[in-house]
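Biologist: Could you take me through this model, one topic at a time, so that I can follow each point on the structure itself?

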Amino acid sequence: MTDRAISDADVILDIAGVSLSFQGVKAINALSFSVYRHEICALIGPNGAGKSSLLNIINGVYRPESGSLSFNGRSLKKIQPIETARLGMGRVFQNNALFGKMSVLDNVLAGLSRKAQTSFIEHAFRLPRARRESADFRARSERVIAFLDLEPYRDAIVENLSYGIQKRVGLARALVAEPELLLLDEPMAGMNKEEKQEMSDYITDINHKLGVTIVLIEHDISVVMSLSDHVVVLDYGRKIADGDPDRVKDDPEVIQAYLGVVH
Amino acid sequence: MTLFIETLIGGLLAGTMYSLVAIGFVLIFKASGVFNYSQGALLLFSALTLVTFLELGLAFWLAVIVTIVVMIALSIAIERVVLRPLANRNVMTLFMATLGLSFVIEGAAQGLMGSEVRLLDIGLQDNPLFWGDILISEFDLIVAGGATVLVIALALFFSKTRIGISLRAVADDTASAQSIGININRIWQIVWAVAAVVGMVSGMVWGARQGVAFALSLVVLKALPVLIIGGFTSIMGAIVGGLLIGAGEALAETYIGPLVGGGISPWFAYLVALIFLFIRPVGLFGEYKVERV
């Protein structure tokens, strides 16, 4: 991050001395790093390094035992996933966690639920405000569907779609709520080279064109190095490197712990 | 042949009343996995409330609206006070809670509004109508028409509105619904409120048919076989199951009844349900659970 002027205002997510353990085993150990606004930050590390646990802490699924987190300068102490969503965090899950029996459009629309201002009664009687909101949600969803080239699958039932397309639906559902920060848990797991390239392009588009800050977990080092602005390397819950991809790549500890080892 | 068609139509029309009761169960089960045994008690409570307000001299439509408001308030209170604190407990705990609840509601209903059998006049005449040679009950026909309108309204609400989408999302995968910021407590309240309205309509038609008294809460026992046949998670299943039971019961009563000395309807539905449990335990429209590893 040497070429970047670092001031507090540029930090969107700050993690300071965070620890978490499961039954006495430290999953995350006194971890500190910052995610800067508008960057793509990759979390890498061997299996069990604590990457997914960290995402769970960031969006409020787990509560850290010590340390603190702040998002846009606001403390994330004692926060629930529903509140982090309201604050502007979106998440795409490793297992997708889509609504398999619903159409692509309905999945994307569901991503807007928490933005709703209208009440049940207004919907039951289709009052003008509810109708306007529905039209607005519909338009927003269509825009995201178009942005991610999902139009051909718009009305398809999600569980019938291929894995790669489902991943994109997951991305659309998170994106429609217009998050400031998007957490992607292995968005390219199980994909072939072309699919990975395609997904990388979408992630780059979301970052560049929509200005969304991205934190992602990925195993494929070549993808990580070409995609991200900032890499944080974890090993056994500790941070062993933090910086731009080129610097991290040459770090001896990283080479020993991760890159040099065949997985 | 005329007898057959007449019996069949009569049975199908009566079946819509079973469907109505079953839909109340499906709504709550689909959204929260709770088999709400207290649905029958709520049905009794709504019919009693309606009768009481009518006896107090309220105009019919006003009494209906007041009853709807009372039932929605009661259901939301039940969701808030009984079910929300028990969220994520196992199915049996939740079932036992609603079982207990049904006694409380039945007791409260009769304590507050009396336990003697009362007549509920909802302004429908049970005149016989003739369609050619075939006799049809006007009451059943109007009730079936009303039930159809209600079901269409529900279907539109759940498929077209934002809340419908959230509801289906919660039914599909509660955890992911929560993770994308859907307020599931809200959704459960709405489902309970809608189930209360459906229960109130069922209470109204069943109460008008057989009088308002404790026995009204036993119509849940009629809904159970309907649910087994149709599947606990499908509104379509509740409709088809209800029609099947209604028609089956009427036909069995007419054609098999004389052979065995009558009295078929109390057990016929359960016999059909038992056969379904052997052949297709999830019901006609139910879904087999696919466990993901």
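**Sheets, a helix and a contact**

Modeller: In chain A, β6(A) runs parallel to strand β7 (residues 181–185), and 4 bridges join the two; helices (H or I, at least four residues) and strands (E, at least two) are DSSP runs numbered from the N terminus, and two strands pair if DSSP finds at least two bridges between them. This is a predicted model, in which local features need pLDDT of at least 70 and side-chain atom pairs count only at pLDDT 80 or more, while totals for chains, interfaces and linings use all residues. Residues are numbered from 1 along each chain as its sequence is written, and chains are lettered from A and ligands numbered from 1 in the order in which they are written.

Biologist: Which residue is the bridge partner of A:R91 in β7(A)?

Modeller: Strand β6(A) is joined to β7(A) by 4 bridges. Within β7(A), the bridge partner of A:R91 is A:L183.

Biologist: Which strands stand at the edges of the open sheet of 6 strands in chain A?

Modeller: The order of this sheet is β6-β7-β8-β3-β9-β10, with mixed pairing. Each edge strand has a single partner, so one side of each is left without a neighbour in the sheet, and the strands in that position are β6 (89–92) and β10 (238–243) of chain A.

Biologist: What angle does the direction of helix α6 (residues 163–175) of chain A make with that of β6(A)?

Modeller: Helix α6(A) packs on the sheet and touches β6 and β7 of chain A, where contact requires C-beta atoms, placed from the backbone, within 7 Å. Axes are lines fitted to C-alpha atoms, for helices over the stretch in contact, and angles run from 0 to 180 degrees between N-to-C directions. Measured against β6(A) in that sense, the direction of α6(A) makes an angle of about 170°.

Biologist: Which strands of the antiparallel open sheet of 4 strands in chain A does α1(A) touch?

Modeller: That sheet has the order β2-β1-β4-β5, and its edge strands, each pairing on one side only, are β2 (25–36) and β5 (74–75) of chain A. Helix α1(A) packs on the sheet with its direction at about 120° to that of β1(A), and the strands touched are β1 (11–22), β2 and β4 of chain A.

Biologist: Within what arc do the buried residues of α5(A) fall?

Modeller: Helix α5 (residues 128–147) of chain A has 20 residues, and A:A130, A:E133, A:F137, A:S141, A:V144 and A:I145 are buried (20 or more other C-beta atoms within 10 Å of a residue's own; exposed means 12 or fewer, partly exposed in between, with C-beta atoms placed from the backbone). On the other side, A:P128, A:R132, A:A135, A:A139 and A:A146 are exposed. The buried residues line one face of the helix, because the directions from the helix axis to their C-beta atoms fall within an arc of 110°.

Biologist: What from chain B is included in the cover of the buried residues of α5(A)?

Modeller: From chain A, the cover includes α3 (104–110), α4 (120–124) and α6. The element of chain B included with them is α6.

Biologist: How many residues does α6(B) give to the side of chain B that touches chain A?

Modeller: The contact takes 19 residues from chain B and 25 residues from chain A. On the side of chain B, the elements that give two or more residues are α6 (162–172) and α7 (174–179). The largest share comes from α6(B), with 7 residues.

Terms used: Contact = placed C-beta atoms within 7 Å. Expected span 1.5 Å × (residues − 1).
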